[in-house]
Amino acid sequence: MFYDGPTARAFSTEGVPVGDRVSFYERAIGSTFSARYVVKPLEASPLEVEIVGYRGQRLQFASVRFSPHSGLAVGAPQNRSRFTVSLQKEGESLVGQGGREYRIEPGDLVLIDPSRPFHFETGEVRANVLEFPAQTLRSLVPQVDDLVAAPFRAYEGAAALFRAMFDELFVIAPALSDEAADRAADALPHVLAAAIGSLEQARAPSPSALKLLHKQRIRNFVLDHLSDPGLDVNTIADGVRLSPRYIHQLFADEPTTLMKWLWAERLERCRSELLLPPLRARSISEIAYGWGFNDLAHFSRAFRERFGQSPRELRKAVAEPFDLARPERNARSTF
């Protein structure tokens with residue numbers, strides 16, 4: 001059920017029939033984040049979820065509590081306007097996005113891009129969640145898209161300052177004025193950028209900010225136009241106002257070429273949609289064409305090469321029980 005107040009919106013499975021809780025949660029969280037979610041309880045006990053959120057014109061944050069469950073979210077391009085930052089308070093989770101998976105422990109900060117697919121598995125967890133404008137964060141931290149799902153320990157320096165400010169929001173939220181909330185919304189991205197910058201410097205020296213910024217502009221353009229079957233290096237170059245030659249140079253030190261990454265992203269989107277039971281009525285060809293493929297035979301070959309099974313075999317396996325967050329445990333369904 002939902003509870004509304006002047007600054008707060010609470011969501012809870014309490015009072016919802018046990019058999020309806022999963023679908024209720026999927027609809028509620030999907031509506032909140034404008035994305036499709038599939039969740040699965042990890043224990044025999046009923047799914048329990050409680051979310052208390054505070055919202056203003058420019059500042060949105062929430063405290064969340066979950067019983068153990070796993071989940072898969074299909075990225076939604078309309079969510080490119082924001083990032084989600086979570087501060088783990090209690091319990092442990094596994095979070096995967098961008099081909100990486102990490103264990104998140106109490107005290108960790110983790111960034112998620114809700115416009116891209118991600119999966120997760122939680123124990124008994126309590127966390128605080130804050131939304132940031134993507135444009136602001138990318139301007140302050142050009143490499144932010146390469147940091148999704150990776151935990152940052154928030155115990156010292158600027159990271160500890162950000163954690164303290166974040167926690168304090170929940171103390172003062174009931175009395176937070178619109179003006180104060182707007183000022184906090186202006187300040188917090190800068191504190192988070194300082195936290196990330198100090199932690200990244202401690203990990204390893206970073207390449208030039210300009211090169212990273214160009215790379216991220218290119219990736220953003222690709223993700224925004226992923227469904228365009230005519231997308232190629234020349235189109236991308238025109239869109240970001242760089243030369244094709246310079247784009248090739250920028251990605252020369254990457255593990256894969258820009259176009260191979262583009263096709264891999266398309267395959268990931270197709271795989272995510274094939275896994276969703278609500279989309280079973282959509283044909284495989286419709287899903288493939290919707291993500292920029294224009295040759296079904298090429299799509300099937302590329303899909304099998306990347307995931308070890310055909311799109312049809314994967315779709316058939318969806319009807320059987322599998323672990324959404326840790327698919328490598330499932331012998332019959334390869335992610």
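Which residue of strand 9 does Leu94 stand opposite? The residue is Arg103, and the points below place this pair in its sheet before turning to other parts of the model.

The model is a predicted one, in which local features need pLDDT of at least 70 and side-chain atom pairs count only at pLDDT 80 or more, while totals for chains, interfaces and linings use all residues. Residues are numbered from 1 along each chain as its sequence is written, and side-chain values use heavy atoms, with hydrogens and water left out.

1. The open sheet. Five strands (DSSP runs of E, at least two residues, numbered from the N terminus) form an open, antiparallel sheet in the order 3-6-11-8-9. Strand 3 (36–41) and strand 9 (100–104) stand at the edges with a single partner strand each, so one side of each is left without a neighbour in the sheet. The twist averages 15 degrees from one strand to the next, with axes being lines fitted to C-alpha atoms and angles running from 0 to 180 degrees between N-to-C directions. Strand 8 (residues 93–97) pairs with strand 9 in the antiparallel sense over 5 bridges, where pairing requires that DSSP finds at least two bridges between the strands.

2. Strand 12. In strand 12 (residues 125–133), 7 of the 9 residues are buried, that is, under 20% relative accessible area, as against over 50% for exposed and in between for partly exposed (1.4 Å probe, protein chains only). Strand 5 (residues 60–66) runs antiparallel to strand 12 and is joined to it by 6 bridges, Arg65 having Arg126 as its bridge partner. Strand 7 (residues 82–90) also pairs with strand 12 in the antiparallel sense, over 8 bridges, and here Leu87 has Asn128 as its bridge partner.

3. Helix 10. Helices are DSSP runs of H or I of at least four residues. The buried residues of helix 10 are Phe299, Ala302, Phe303 and Phe307; seen down the helix axis they fall within an arc of 105 degrees, so they line one face of the helix, the arc being that of the directions from the axis to the C-beta atoms. The face turned away from this buried side carries the exposed residues Arg301 and Glu305. Just after helix 10, Gly308 takes a positive phi of about 80 degrees.

4. Ser12. Ser12 lies in strand 2 (residues 8–12) and is buried, with a relative accessible area of 8%. The side chain of Ser12 reaches the backbone nitrogen of Glu14 at 3.0 Å.

Terms used: A polar contact is a pair of N or O atoms within 3.5 Å; within protein, one must be able to donate a hydrogen and the other to accept it, and residues adjacent in sequence count only if both atoms are side-chain atoms.
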